[in-house]
Amino acid sequence: MYFTDRGIEELAQRRGEEEVSFEWLAERLRDFVDQNPEFETPVERLAVYLARLDDDED
């Protein structure tokens, strides 16, 4: 397990049964970037990755 997986595992354990909308998730990501502007690029990349998951690969 990568060190970064610890946060992912905690998220799954604490909130794995919850249902959220992508609108709610987008707001939380905006809040996070507002509080932590140094993470703007990685959060942007994650958002783009999630938005394009179902796109056909060229």
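## A guided tour of a three-helix chain

Begin with Glu18, which counts as partly exposed at 43% relative accessibility; the class covers values between buried (under 20% relative accessible area) and exposed (over 50%), found with a 1.4 Å probe on protein chains only. The model on screen is predicted, so local features need pLDDT of at least 70 and side-chain atom pairs count only at pLDDT 80 or more, while totals for chains, interfaces and linings use all residues. Residues are numbered from 1 along each chain as its sequence is written, and side-chain values use heavy atoms, with hydrogens and water left out.

**First selection: Glu18 and its partner**

Add Arg15 to the selection. The side chains of Arg15 and Glu18 meet in a salt bridge, at 3.3 Å from N to O. The term denotes a side-chain nitrogen of Lys or Arg within 4 Å of a carboxyl oxygen of Asp or Glu. Arg15 is partly exposed, with a relative accessible area of 44%. The structure holds 4 salt bridges, and two others are visited below.

**Second selection: the whole chain**

Switch to a ribbon view. The chain has 3 helices and 0 strands, and its elements run α-α-α from the N terminus on. Helices (H or I, at least four residues) and strands (E, at least two) are DSSP runs, numbered from the N terminus. Now display the surface. About 6000 Å² is exposed by the chain, and carbon and sulfur atoms supply 50% of it; accessible areas come from the Shrake-Rupley method with a 1.4 Å probe, and for residues only the protein chains shown count as cover. Of the 58 residues in the chain, 7% are buried.

**Third selection: helix 1**

Select residues 5-15, which form helix 1. Within it, Glu10 forms a salt bridge with Arg14, the closest N and O atoms being 2.9 Å apart. These two residues, Glu10 and Arg14, are 4 residues apart in helix 1, so about one helical turn separates them. Glu10 counts as partly exposed at 40% relative accessibility, whereas Arg14 counts as exposed at 64%.

**Fourth selection: the largest pocket**

Which residues line the largest pocket? Select Gly7, Ile8, Glu10, Leu11, Ala12, Arg14, Arg15, Gly16, Glu18, Val20, Trp24 and Leu46. A pocket is defined on a 1 Å grid over the protein atoms alone: it is an open set of points where a 1.4 Å probe fits, with protein on both sides within 12 Å along at least five of seven lines, and lining residues have an atom within 4 Å of a point. About 590 Å³ of space lies in this pocket. Helix 1 gives the most to the lining, with 7 residues. Colouring by residue class divides the lining into 6 nonpolar, 2 polar and 4 charged residues.

**Fifth selection: helix 2**

Select residues 22-35, which form helix 2. Arg28 forms a salt bridge with Asp31, with the closest N and O atoms 3.1 Å apart. Arg28 and Asp31 are 3 residues apart in helix 2, so they are separated by about one helical turn. Arg28 is partly exposed, with a relative accessible area of 33%, and Asp31 is partly exposed as well, at 31%.

**Last selection: Phe32 and Phe39**

Remain in helix 2, where Phe32 lies, and add Phe39. The structure holds 1 aromatic pair. The rings of Phe32 and Phe39 have their centres 5.7 Å apart and their planes at 40°, so the pair is tilted. Rings of Phe, Tyr and Trp (its six-membered ring) pair if their centres lie within 6.5 Å; planes under 30 degrees apart count as stacked, over 60 as edge-to-face and the rest as tilted. Phe32 is partly exposed, with a relative accessible area of 37%, and Phe39 is partly exposed at 38%. Finally, select Val43: its C-alpha atom is separated by 8.8 Å from that of Phe32, 11 residues away along the chain.

Definitions and conventions: Points joined across faces, edges and corners; volume = space filled by probe spheres on them. Nonpolar A, V, L, I, M, F, W, Y, C, P; charged D, E, K, R; others polar.
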